[in-house]
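Trainee: I am new to this structure. Please take me through its aromatic ring pairs in one close look.

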Amino acid sequence: MIIYNVTLNIDKSVHAEWLEWIKDHIPQVLATGKFKEAKLTKVLVEDNETETYSVQYRAHSREALDSYYAEHAEQLKQEGLKRFADKVLSFRTELEVVDEYVVNYN
């Protein structure tokens, strides 16, 4: 399984607006049909100027992620750039799930 991870540093001057926007943006990415779920997480770092978040999308497959890049990624990325310009800096990484573990307490 492939996780498409987007890490974002948001200027505090647009943080509240961005947080509202991202909660609408994530369902738009999921609506492409290329991912099975997403998690929005706050990165716990102390910074007086920015807030940092990570959005992790679980792709259905490598092919689904490649299809997302080819068909949807640029348009969806441009929407955020148009709205927030240089107030939001982001970078993207791909993670391959090697193994998963669950603890069950009875």
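Mentor: What follows is a walk through the ring pairs and where they sit. The model is predicted, so local features need pLDDT of at least 70, side-chain atom pairs count only at pLDDT 80 or more, and totals for chains, interfaces and linings use all residues. Residues are numbered from 1 along each chain as its sequence is written, and side-chain values use heavy atoms, with hydrogens and water left out.

A pair of aromatic rings is described by the distance of the centres and the angle of the planes. Rings of Phe, Tyr and Trp (its six-membered ring) pair if their centres lie within 6.5 Å; planes under 30 degrees apart count as stacked, over 60 as edge-to-face and the rest as tilted. The structure has nine aromatic pairs. One of them joins Trp 18 and Tyr 53, tilted, with 5.0 Å centre to centre and 40° between the planes. Trp 18 sits in helix H1 (residues 15-30) and Tyr 53 in strand S3 (residues 50-59), 35 residues apart. Helices (H or I, at least four residues) and strands (E, at least two) are DSSP runs, numbered from the N terminus. Trp 18 is buried at 1% relative accessibility. Tyr 53 is buried too, at 6%. Buried means under 20% relative accessible area, exposed over 50%, partly exposed in between (1.4 Å probe, protein chains only).

Now take Phe 35 and Tyr 68. Their centres are 5.0 Å apart and their planes at 70°, so this pair is edge-to-face. Phe 35 belongs to strand S2 (residues 35-42) and Tyr 68 to helix H2 (residues 62-84), so the pair ties together parts 33 residues apart in sequence. Both Phe 35 and Tyr 68 are buried. Ring pairs also link Tyr 4, Phe 35, Tyr 57, Tyr 68 and Tyr 69 into a cluster.
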